[in-house]
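Q: I am new to protein structures and would like a close look at a single part of this one. Please go slowly, and then say how that part sits among the rest.

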Amino acid sequence: MEAATTPRPVVLVVEDEQNIRELVCLHLGLESYECVPSGDGEDALKLARARRFDLVILDLMLPGLDGVTVCRALRRESQNTDVPVLMLTARREESDKVVGLESGADDYLTKPFSVRELIARVRALLRRGPRPIVSSSREPGRPITYKHIDMDPARRRARVGNKDVELTSNEFQLLYVLLASPGIVFSREALLSRVWKDQTFVTVRSVDTLIKRLRKKIESNPADPAVILTVWGAGYKAADV
Ligand code: CA
C-alpha cells in the first residue's frame, strides 16, 4: 500500500451504544477516515482536550454528560472550538430541540439513520471544514455556485440566472452562509452570530425579516421558496442540490 500523501481526516465518535459506535466507525474506516471511538462524554472531552479533530459525531443521549453539554464544553475550552459537530438524536422532536436551542451542533441526524445518509453528512461537514468564526472582513471567502446562483464575496457580487442582484451586506452574508453549505440547517442564533457578528440590537427576529427580504430578491416565488427553506422549529437551510 502506498503511503497517503494527505493526512486522513480524524473523526471523534461519541456514542454509548456499542453497536452503533462500531457501525459508524466501520463505515468511516471504509471511507478512509480515521475514527477515534468514545463511549461517554467525559472521556470524549478528555480526548478533545488532547488533540484536534476534523469532525465530531456526538450522540445526544449519553450517560453522565449529555451531548449538548459535551458540545458546549467543546466549544468553550478544548482545542476543538471550531470543529464541525454532527449530533445524533433518537427522535425528530429531539433534533428540533438540538438545533433550536443552539447547542453548538452544525448538523444532526435522527436515528435510525442510513449509512449513506451518515456518510453524506460527514462529507458535507468535512468539506465545509472548521466553523467560520473569524471575521469575514479578513478573508472574503471563495466564490460559490449554487444551482443558478453565483456569489463572489471578493467582488460582493451575486447573480441569479444571468442577472446581477443588489444585496445589502447582511443579505449577501446570510445568503452566502446558507448557499455555501446546502442542506445544512442553521439555527437563527447561528445565523445571527455569523451574519451580524458583533452588531448589537439585533434579535432572532432580525433573521426572519432578512430572510423574507432575501427571498423577494432571489426566489422566483417568494411565497413558495425553492432556495432558502424554513426548517420548522430549527431554522433555515439552502435546499439540497
Ligand atoms: Ca445514546
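The part in question is the largest nonpolar core: which of its 50 residues touch the most other members?

A: The model is a predicted one, and every value below is computed from it. The setting comes first. The chain has 241 residues, and 49% of them count as buried. Its secondary structure consists of eight helices and 11 strands. Taking contacts between residues at least 6 apart in sequence, 59% join residues at least 24 apart.

Now the core itself. Of the 50 residues in the largest nonpolar core, those touching the most other members are L28, I57, V122, M151, L178, L179 and I228. Helix 6, which covers residues 169-179, gives this core its largest share, seven residues. That helix is mostly covered, with 10 of its 11 residues buried. The buried ones include L174, L175, V177, L178 and L179, but also N170, E171 and Q173. In general, an α-helix has 3.6 residues a turn, so residues three or four places apart point the same way.

I228 is a useful example of a core member. When its neighbours within four places in sequence are set aside, I228 is in contact with L175, L178, I211, L214, R215, I218, E219, Y236 and K237. Two of these partners, L175 and L178, are among the buried residues of helix 6. The chain also has a second, separate core, made of 25 residues, among them V10, L45, L62 and A73.

For a single buried residue, take M87, which lies in strand 4, residues 85-89. M87 counts as buried because its relative accessibility is 0%, and the cut-off is under 20%. M87 and D106 are 19 residues apart in sequence, while their C-alpha atoms are 7.8 Å apart in space.

Next come the open and binding parts. The second largest pocket holds about 600 Å³ of space. It is lined by 27 residues, and A124, P182, G183, I184 and D240 are the closest to its centre. Strand 5, helix 5 and strand 6 each give two or more residues to this lining, and helix 5 supplies the largest share, seven residues. Sorted by class, the lining has 13 nonpolar, four polar and 10 charged residues.

A calcium ion has three protein donors, D16 (OD), D59 (OD) and M61 (O), at 2.1 to 2.3 Å. D16 sits in the loop between strand 1 and helix 1, and M61 in the loop between strand 3 and helix 3, 45 residues apart. D16 is partly exposed because its relative accessible area is 32%, and that class runs from 20% to 50%.

Some backbone details remain. Most residues other than glycine have a negative phi, and most peptide bonds are trans. S32, in the loop between helix 1 and strand 2, has a positive phi of about 70°. K147, in the loop between strand 6 and strand 7, has a positive phi of about 45°. S32 is partly exposed at 42%, and K147 is partly exposed at 45%. The peptide bond from K111 to P112 is cis, with omega near -5°, and P112 lies in the loop between strand 5 and helix 5.

Definitions and conventions:
Residues numbered from 1 in each chain as written. Predicted model: local features only at pLDDT ≥ 70, side-chain atom pairs only at ≥ 80, totals over all residues. Heavy atoms only, no water. Donors = N, O, S within 2.8 Å, 3.2 Å for Na, K, Ca; no water. Helix = DSSP H or I, 4+ residues; strand = E, 2+ residues; numbered from the N terminus. Buried < 20%, exposed > 50% of the residue type's maximum accessible area, 1.4 Å probe, protein only. 1 Å grid on protein atoms, 1.4 Å probe; cavity = no way out; pocket = protein on both sides within 12 Å on 5 of 7 lines; lining within 4 Å. Points joined across faces, edges and corners; volume = space filled by probe spheres on them. Nonpolar A, V, L, I, M, F, W, Y, C, P; charged D, E, K, R; others polar. Core = buried A, V, L, I, M, F, W, Y, C linked by side-chain atoms within 4.5 Å. Contact = heavy atoms within 4.5 Å.
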